[in-house]
Amino acid sequence: MEFNVRRLAADAGTFLSRAVQFTEEKFGQAEKTELDAHLETLLSRVESTKHWTEKIMKQTEVLLQPNPNVRMEEFLYEMLDKKVPMRANNHELLGECMIDSGHEFGPGTAYGSTLIKCGETEKLLGSAEKEFIQSSAINFLTPFRNFIEGDFKTILKERKLLQNKRLDLDAAKNRLKKARVADARSALCAEEVQQAEIELRIAQSEFDRQAEITRLLLEGISSTHAHHLRCLNDFVDAQAAYYAQCYQYMVNLQKQLGSQNAIFPSTFSNNNQPAGSSSASISVPTAQPAASLPAPPPSQASPALNELRSTSGTRKARVLYDYDAASSSELSLLADEVITVSSVPDMDTDWLMGQRGNQKGKVPITYLELLN
């Protein structure tokens, strides 16, 4: 019990000494030991790392979850150490809505079938988004958060201890200075000077030791930057994979809708367009042709196509979709370009002869819209 009382008294005396030294420094009444330039540079670098790590974390969280209410809910679950309940994201909710409406209108109708296809693709997008968010949280946000809540807190603790040791050192210097002034006036103060010198040597040793510990910790920030760099590369890879996957889903959907448009052109035409104008089309990047293209039903054959075949003349045609030639006898096409087409005797009814400048080759009818 007596030992504890003495220890508390010593701690109180140390705290008071530091408080007096700090106050005198603020009012310019005491000298202050400055840290060396290298240590100051390291401290500044760590503060900058902490500042930007927090900002990057915050903005990444906003990117992954734009809804602030959901972010707050997830934070509370994390604080309570409970698992966040699974919920459908916006893509999945839209997909379910489209699929339900498609079944309501009838999967056998063009509109109902298209709604179902779009809904299924939206659900795929939602699933890809969840995988991207989970990957980013584990490989990017977690290491950044570990630095703020782990390494940086350790650095703060050692830096605060270094500050206290500096205050002890400067307080010991001031006591020695005052003891020497008193010793010059009276020979009885020699013992106080000797005691002050011992205290100064101890304080200097403890300060140097703590400065070295703090310096080693601060120099470890380079390893932190290297680790964060690897995490950043992982985040970029995850983003690239996510957007590539979403792009592929949409390209596949465009192909499905494009084939539907070619089979049911009257269903997908724009009723608001004046007669004779070109219809809106979907451009599908580098769609590969099927082994054989289905011929349009006789009821769907346009008068312009019948006239072209009967007169063996030429007409202008707008390309609806990209097409890659499967052989040297075919002509590759780009969506929205205009080419010249003609009918050749004994040619398959699914094809016309296309010409672009000096280039000639067979082109599939279902990829064309004859112009007046």
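Here are short legends for four close-up views of a predicted model.

**View 1. Five strands side by side make an open sheet.** Read across the sheet and the strand order is 4-3-2-1-5, with antiparallel pairing. Strand 4 (359-364) and strand 5 (368-370) sit at the edges. Each of these two has a single partner strand, so one side of each is left without a neighbour in the sheet. Going from one strand to the next, the twist averages 40°.

**View 2. Strand 3 meets strand 4.** Now let's zoom in on one pair. Strand 3 covers residues 351-356, and six bridges join it to strand 4. The two run antiparallel. Look for Gly354: standing opposite is Gly361 in strand 4.

**View 3. Helix 9 lies across several strands of the sheet.** The helix spans residues 303-311. It lies across strand 1 (314-319), strand 2 (338-342), strand 3 and strand 5. Compared with strand 1, helix 9 runs at about 140°.

**View 4. Arg315 has its place in strand 1.** Is Arg315 buried or exposed? Its relative accessibility is 18%, and buried means under 20%, so Arg315 counts as buried. A polar atom of the Arg315 side chain lies 2.8 Å from the backbone oxygen of Leu371. Leaving aside residues up to four places away in sequence, Arg315 touches Ala304, Glu307, Leu308, Ile339, Thr340, Val341, Leu371 and Asn372. So Leu371, the residue with that backbone oxygen, turns up in the list of residues touched by Arg315 as well.

Conventions: Residues are numbered from 1 along each chain as its sequence is written. This is a predicted model: local features need pLDDT of at least 70, side-chain atom pairs count only at pLDDT 80 or more; totals for chains, interfaces and linings use all residues. Side-chain values use heavy atoms; hydrogens and water are left out. Two strands pair if DSSP finds at least two bridges between them. Helices (H or I, at least four residues) and strands (E, at least two) are DSSP runs, numbered from the N terminus. Axes are lines fitted to C-alpha atoms, for helices over the stretch in contact, and angles run from 0 to 180 degrees between N-to-C directions. Contact means heavy atoms within 4.5 Å. Buried means under 20% relative accessible area, exposed over 50%, partly exposed in between (1.4 Å probe, protein chains only). A polar contact is a pair of N or O atoms within 3.5 Å; within protein, one must be able to donate a hydrogen and the other to accept it, and residues adjacent in sequence count only if both atoms are side-chain atoms.
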